[in-house]
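Got the coordinates open in a viewer? Here are a few exercises to work through with them, each with a solution you can check on screen.

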Amino acid sequence: MKETNKNSHINVGAAILMSLFVLLFFAFIGRFFYIEWTQAISGSDGEKVDLMELGKDKWTRSKILEADRGTIYDRTGENALATDIPSFTLRAILDKEYEDHVEDVSKTAAALAPILEMKQSDVSEVLSREGLFQVEFGASGKNLSLTQKEKIEKLDLPGVGFIPTKTRLYPNEEFASHLLGFTNENDDGVQEGLLGLEKELNKYLVPQEGKETYQSDREGFKLPYGNENITPSKSGNDVYLTIDQKIQVLMENALNEAQEKFNPERMTAIVADPDTGKILAMGNRPTFDPNLRNVSNYTNMALTAFEPGSTMKVFTVAAAIEEGVYQGDELFQSGQYSVPGGRISDHNGGEGWGMISFDEGIRQSSNVAASILVKEKLGYEKYEDYLTKFGLDAKTGIDLPGEASSRITYSGELERITTGFGQGSTITPIQQVQAISAIANGGKMMKPYVIEKIVDPESNEVKLNHEPKVAGEPISKETAKQTRDLLRTVVTDGTGTPYNIEGYDIAGKTGTAQISEGSKGYMSGYGNNIFSFIGMAPADDPELVVYVAVDRPKLEYPELGSDPVSLIFNTVMKNSLQYLNIDPIEKKEKPSEQAKESESGQVLKDVTGMSLEEAKKQLEEKGLSVVSLGEGKVISQSPRPSTKILNGERIILQTEDQATMPDITGWSLADVMKLVELVDLKPNIMGSGYVTKQGIEKGSTIKKDDYLVAELKSPSSEVDQAEPEDEAEPITD
């Protein structure tokens with residue numbers, strides 16, 4: 001009985017277990033078919049999870065296919081000015097649970113510090129951070145070269161490794177930096193242009209990343225028959241500039257030399273092909289290395305507006321020639337010219353050069369000559385028309401960012417006249433380069449440009465192509481030649497003699513502009529000007545135009561503003577002409593001493609040892625203005641004997657008697673400095689222009705090392721001035 005009950009209990013239990021197994025089996029089979037049918041399950045949050053998508057995510061991998069930013073080339077297409085190169089970012093793993101991690105912080109820091117150019121303590125601080133799996137080393141650990149990478153790899157430091165990246169390289173460093181600009185990584189790790197052409201052309205230069213997706217096994221290896229999808233990467237477009245690397249290097253070297261010798265506030269230089277408008281070189285100081293982004297000055301001076309000074313006379317005289325109102329041999333009274341609202345003065349003041357021809361006036365950079373041309377010969381409306389024809393009242397539209405607008409001040413009569421010799425109105429260097437191309441190119445004014453073309457490096461499709469474009473024809477071919485011939489004499493016999501280059505005919509014009517301080521007037525002091533020169537060569541058929549401007553060089557008397565400008569201009573022009581295989585003209589016979597004493601100047605005679613009366617007689621017979629500081633025999637003179645001087649120039653004689661102070665009112669700064677040097681005075685100059693007040697009274701005894709206080713006044717637009725108005729260029733052009 002008991003045995004029977006026991007068996008029955010066993011059978012019931014077995015039946016129950018069997019039923020449970022059957023139910024579980026059918027539940028499993030049901031779930032299986034349900035999942036097979038729906039291909040989905042419920043997630044932990046109750047949402048349905050698509051198993052197909054889950055499988056794809058688990059076994060499908062992807063990687064980014066990187067591409068290079070476009071390369072910027074010079075005009076030859078052989079010299080890369082900006083390009084991408086492989087680089088590396090240093091990383092260190094700190095997590096001790098990871099097999100390869102930093103084991104000895106002190107040892108690792110000591111080894112890495114000199115290579116990264118970091119302090120060992122700073123490297124230790126990075127390697128000692130807690131709670132981080134991996135660290136990097138900031139800017140010092142980015143953009144490492146292959147050489148740096150290999151040095152670190154040889155150290156075999158545990159936990160130290162590299163992340164492959166790309167670096168934007170500017171191989172020539174401080175080379176056309178304001179033109180090229182630079183890039184920086186944005187938040188997405190993509191190089192983005194921040195200045196210059198890198199910024200302006202970013203949409204053309206930026207690459208398109210690709211992507212590769214594939215199916216892999218659990219170890220990450222690609223399955224041979226898995227689905228694979230590739231979206232190819234695409235490099236940025238390549239940019240070809242008009243810049244010539246060799247001419248740019250010549251310019252950079254010349255700017256560096258001028259910077260070292262004269263330490264000006266800023267400088268700019270431009271080399272252009274006047275037949276096409278192509279910019280062959282453009283440079284500035286201060287500059288920077290785009291690899292380091294050590295920028296102290298973001299402004300491209302070539303595109304900024306400032307008062308041009310006497311380079312403006314080029315366009316004034318060209319307009320007068322074109323209108324048929326310029327007669328080069330016609331005489332006018334130089335020195336002073338009264339106009340409503342003030343008085344215009346030439347840079348040597350007083351009587352100037354006396355009655356001289358207009359050709360001579362242009363050679364000597366006479367403000368009076370330019371004023372008469374604007375007021376009496378052309379008229380204000382006609383002259384304003386030529387300002388427009390020469391493009392001086394509008395941007396050139398050069399394909400560079402940051403071009404400033406000029407400002408033609410033309411409301412009052414005095415302002416209209418002073419515009420004719422480059423005062424009051426502001427104009428950019430690139431506008432002057434465009435305008436003078438009409439004179440160099442037979443009347444056709446060429447629009448300047450720096451981008452030759454933009455090309456897809458894979459398909460060679462040209463995305464952008466620039467061709468030479470005529471911006472206007474302000475003058476005729478005949479006027480252009482006559483103007484060039486006149487500008488040639490400026491260099492041979494006028495203010496432009498420092499720019500004469502042996503073997504080449506240079507035509508051009510000097511400029512000395514005052515620097516406005518707004519309501520305070522103009523800056524004063526020796527050398528506080530913008531000195532410039534714009535020239536072309538060969539004069540009969542110019543191949544190059546070169547413009548140079550130097551702002552406030554540190555000059556010590558008797559240094560002149562032309563010293564730093566000619567250093568740059570002559571070096572760049574001569575070497576560029578030779579590089580372009582433009583042969584120099586045959587050497588001419590050396591001129592005689594008599595020929596040297598041309599219409600524009602003469603060699604100063606030595607009169608020391610003569611009596612004052614005889615010295616005065618001989619100098620005044622040469623048309624010179626003589627000032628004596630006493631009586632008796634002449635013991636010294638300024639300028640020194642054998643110096644090349646201008647006709648009508650003031651000569652100061654010191655005699656054996658006690659020197660007495662002359663009346664220096666109306667004297668230019670240059671003449672004041674002659675006196676200072678001759679009798680060893682200490683100058684205290686206030687203002688600029690010409691002397692209106694002097695600290696040592698006329699007739700007073702001059703003592704060595706006395707302070708000579710002199711107050712100078714410059715031109716003003718105020719009406720009914722009690723004191724004579726002075727011209728824009730207190731320092732001889």
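The exercises start with the whole chain and then go to single helices, helix pairs and two residues.

**Exercise 1. Get your bearings: how many helices and strands are there in the chain, and what percentage of the residues is buried?**

Solution.
- Keep in mind that you're looking at a predicted model.
- Count the secondary structure: the chain has 20 helices and 33 strands.
- Now colour by accessibility. Of the 733 residues, 48% are buried.
- Finally, take the contacts with a sequence separation of 6 or more: 69% of them link residues 24 or more positions apart.

**Exercise 2. Walk along α9 and work out which residues are buried and what covers them.**

Solution.
- Find the helix: α9 covers residues 245-262, which is 18 residues.
- Check its span. From first C-alpha to last it reaches 25 Å, close to the 26 Å expected at 1.5 Å a residue.
- Look at the N-terminal end, where D244 acts as a cap: one of its side-chain oxygens lies 3.0 Å from the backbone nitrogen of K246.
- Go to the other end. N263 follows the helix, and its phi is positive, near 45°.
- List the buried residues: Q245, I247, Q248, M251, E252, A254, L255, A258 and F262.
- A reminder for reading such a list: an α-helix has 3.6 residues a turn, so residues three or four places apart point the same way.
- See what lies over these buried residues. The cover includes β13 (266-272), β14 and α17 (562-579).

**Exercise 3. Stay in that area and place R285: is it buried or exposed, and which side chain does it join in a polar contact?**

Solution.
- Locate R285 in strand β14, which runs over residues 279-285.
- Compare its accessibility with the cut-off. R285 has a relative accessible area of 4%, and buried means under 20%, so this arginine is buried.
- Look for a polar partner: the side chains of R285 and E252 are joined by a polar contact of 2.8 Å.
- E252 is itself one of the buried residues of α9.
- Widen the search, skipping neighbours within four places in sequence. R285 is then in contact with E252, L255, N256, Q259, E265, R266 and M267.

**Exercise 4. Describe α12: its span, its two ends and how enclosed it is.**

Solution.
- Take the span: α12 (residues 367-378) has twelve residues and reaches 15 Å between its first and last C-alpha, close to the expected 16 Å.
- Check the start, where a side-chain oxygen of S366 comes to within 3.3 Å of the backbone nitrogen of V368.
- Check what comes after: G379 follows α12, with a positive phi near 90°.
- Pick out the buried residues, which are N367, V368, A369, A370, S371, I372, L373, V374 and L378.
- Draw the conclusion: nine of the twelve residues are buried, so α12 is largely enclosed by the rest of the structure.

**Exercise 5. How does α12 cross α10 and α13?**

Solution.
- Begin with α10 (residues 313-322). Its axis and that of α12 come within 10 Å and cross at roughly 40°.
- That angle makes α10 oblique to α12.
- As for hand, this crossing is left-handed.
- Name the residues that meet: K313, T316, V317, A319 and A320 from α10, and N367, A370, L373, V374 and L378 from α12.
- Turn to α13 (residues 380-389). The axes of α12 and α13 come within 7 Å and cross at roughly 120°.
- This pair is oblique too.
- Here V374, K375 and L378 of α12 meet Y380, K382 and Y383 of α13.

**Exercise 6. Analyse the crossing of α3 and α4, then find what V102 touches.**

Solution.
- Fit the axes of α3 (residues 105-116) and α4 (residues 120-127): they come within 8 Å and cross at roughly 130°.
- So α3 is oblique to α4.
- The crossing is right-handed.
- On the α3 side the contact is made by V105, S106, T108, A109, A110, L112 and A113, and on the α4 side by Q120, V123, S124 and L127.
- Now step back to V102, in the loop between β5 (80-93) and α3.
- Its relative accessibility is 7%, so V102 counts as buried.
- Leaving out residues up to four places away in sequence, V102 touches A92, I93, L94, T108, L127, P158 and G159.
- One last distance: V102 and S128 sit 26 residues apart in sequence, with their C-alpha atoms 9.8 Å apart in space.

Key. Residues numbered from 1 in each chain as written. Predicted model: local features only at pLDDT ≥ 70, side-chain atom pairs only at ≥ 80, totals over all residues. Heavy atoms only, no water. Helix = DSSP H or I, 4+ residues; strand = E, 2+ residues; numbered from the N terminus. Buried < 20%, exposed > 50% of the residue type's maximum accessible area, 1.4 Å probe, protein only. Polar contact = N/O pair within 3.5 Å; in protein donor to acceptor, adjacent residues only side chain to side chain. Contact = heavy atoms within 4.5 Å. Expected span 1.5 Å × (residues − 1). Axes fitted to C-alpha atoms, helices over the stretch in contact; angles between N-to-C directions. Parallel < 35°, antiparallel > 145°, perpendicular 65-115°, else oblique. Left-handed = near helix turned anticlockwise from the far one by under 90°.
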